[in-house]
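Here are a few exercises to work through with the structure open beside you. Try each task before reading its solution.

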Amino acid sequence: MNQAVSTSISQPTPAQRAALARRRTLWRAIEGYLYLAPTLIGLAVFVFWPIVESFKLSLNRIAPFGNQQIFVGLGNYTRLLTSSDYWNSVRVTLLFVLGTVPTGIILSVLLAILLAYPLGKMASVHRTLIFVPVVISSAVAGVLFRWLYHPVVGYINYWLVSLGLFDSMGDAPNWLASTQWALFAVIVATTWRQLGFNVIIALAGVQNIDSSFYDAAKVDGANAWQRIRHVTLPLLSPTLFFLFIINVIYSFQAFGEIHILTAGGPGQATTTMVYSIFYDAFVGTPQRGIASAQAYMLALMVVFMSFVQFAGINRRVHYQ
Amino acid sequence: MAAKTVLPKRKPALTSGDLLVHFLLLTIGLVISMPIFVAMLTSFKIPTQVITFPPTLVPREWTTVNYIMAWQATPFGRYLLNSVVQSGLITLGQVIFSILAAYAFSVLQFPGRNALFYTVLGSLMVPFELVFIPNFQFISALGFSDTYAGLTLPFIASAFGVFMLRQFFLGVPVELHDAARIDGSGNWRYLWQILVPLSKGSIGAFAIFAFLNAWNQYLWPLIITKSVEMRTLQIGIRFFMTSQDRGADWGPVMAGSMIAMGPALVAFLLAQKQLVKGIALTGLKG
């Protein structure tokens, strides 16, 4: 009797076994999808669906009177390509990227090399002072620099005069109100806020380099500069590449500092592509069609950079 | 006398090169953190000193009057509450949902798992500028603009969190799961009673990231809030500055800035190691 029961449990018919396995697979799949559901729904609704929606928006334009959507096909795109405002925003964006990215990378690598030096107990003090902008928001950075740049009460002009770069406060530029200097001023503020992040990445890269390379270089009689030039920098190339790509992506998307410091002005001296999208979509009469077309053009550049990054990581840039 | 017999621990002598590096780093470090220091010092100056020329660094007389003025001029208390609720909800959602998804992607086996994982990763490439206009229209259509739901819903899922926690879960030995299964605990119990407590460090690090990012958000709260009462600190400080700009009343503005960056600064000082490690490992700010 016992024998019969146990065999009937441990040895179901092949059909039963298949049904059981099917049910188990089905349950496993359902269980997996249940765990994923919140994330997948969130991303589908707020990332993937808007990609399509944004494209649809970019093919339409709002009629001047009323809320009628008019299908214009690629009309918004051709309008952009022939608009001097659009090309100005592209130019400003490229200048902004050129101003922020190389400076940020060079500064962060220099600082990382210094921070990788054996610093003893002072290491944490140095790091804290240099890393700290990493937690500052773009809004706070904007407000702080708006004050620092202030032509009357700001510290920056006062310090520049104290250092003898200008004769008096009146000679120093009114940074944010000057067509000539506004973009530069915004670049400085943004580079400052990005610096903490960049140094952290660069330092991790420098510390990843095996010390045996330095020992070998020392045995060969390389001095400090030669060790940096021929050991650190080549072995740091994957980090440099990563920093380059991620900084270009961030710079293309910078918004907070620009909105607070200059609001795209004076004139359109600091109107980057992102600022222009924001302005067209949300300031005054919303023109979400043309704004979405601009967003698509910007996204193409950003996604292209992301692809370059993935491709580069797969191919590996370094020789180690 | 007895002390003489105990040899002091020998410290390696500082060479002139060491001193030069320390000097350089300290100078650069002070220049970099200077905007924060001067803002902090200015927030404690009496109003007349804020606008005296030439400016002086240290408050002649320490006062909290700027904080009181800022607090009274705009509903800073309300901004603070909004920021805490907004960042708290986003962090909570991202942490819980990322734990669930990371578990599915690291431990569970089911058809389509890899394809879905790459889809989630792919979302990291989508720039926010591409989605924020439709999101704004969608949230408005739902009637959620100017509400906490509107501030938080678009960020309730985090591909970054899924990626980060999955990496960690993959490092936990499979034997642990097998043992738990033999003991009769299902996936749900294994996740919450064994895996999550084991991963406290990583989850904590991700939570700090999520919180800082939410706290520092600017573009989305700027467009989705309409009333003064719903503004977050970052938006509030900007409007407060604009209203003060002509009068050059920078003392209260700096006090407001200190309130807006305070929690982030505290988190940085307390959890600097984890934060730096997280950034260095993932190469992302969150």
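**Exercise 1.** Find how far apart the closest N and O atoms of R181(B) and D178(B) are, and describe the setting of this pair.

*Solution.* In this predicted model, the closest N and O atoms of R181(B) and D178(B) are 3.0 Å apart, and the pair forms a salt bridge. Next, look at the sequence: both residues sit in helix α10 of chain B, three residues apart, so about one helical turn separates them. Finally, check accessibility: R181(B) is partly exposed at 48%, and D178(B) is partly exposed at 33%.

**Exercise 2.** Decide whether E257(A) is buried or exposed, and work out which parts of chain A its salt bridge with R193(A) ties together.

*Solution.* Start with the distance: the closest N and O atoms of E257(A) and R193(A) are 2.4 Å apart. E257(A) belongs to helix α12 (residues 256-261) and R193(A) to helix α8 (residues 182-208), so the salt bridge links parts of chain A that are 64 residues apart in sequence. Buried means under 20% relative accessible area. E257(A), at 1%, is therefore buried, and R193(A), at 13%, counts as buried too.

**Exercise 3.** Characterise the interface of chain B and chain A: how many salt bridges does the rule find across it?

*Solution.* The rule finds zero salt bridges across this interface, but 15 residue pairs in polar contact. On the side of chain B that touches chain A, helix α2 (residues 16-43) of chain B gives the largest share, 19 residues. By class, that side has 70 nonpolar, 18 polar and six charged residues. As for area, the two chains bury about 8100 Å² between them, 79% of it on carbon and sulfur atoms.

Conventions:
Residues numbered from 1 in each chain as written. Chains lettered and ligands numbered in written order. Predicted model: local features only at pLDDT ≥ 70, side-chain atom pairs only at ≥ 80, totals over all residues. Heavy atoms only, no water. Buried area = accessible area lost by both parts, 1.4 Å probe. Salt bridge = Lys/Arg side-chain N within 4 Å of Asp/Glu carboxyl O. Polar contact = N/O pair within 3.5 Å; in protein donor to acceptor, adjacent residues only side chain to side chain. Helix = DSSP H or I, 4+ residues; strand = E, 2+ residues; numbered from the N terminus. Nonpolar A, V, L, I, M, F, W, Y, C, P; charged D, E, K, R; others polar. Buried < 20%, exposed > 50% of the residue type's maximum accessible area, 1.4 Å probe, protein only.
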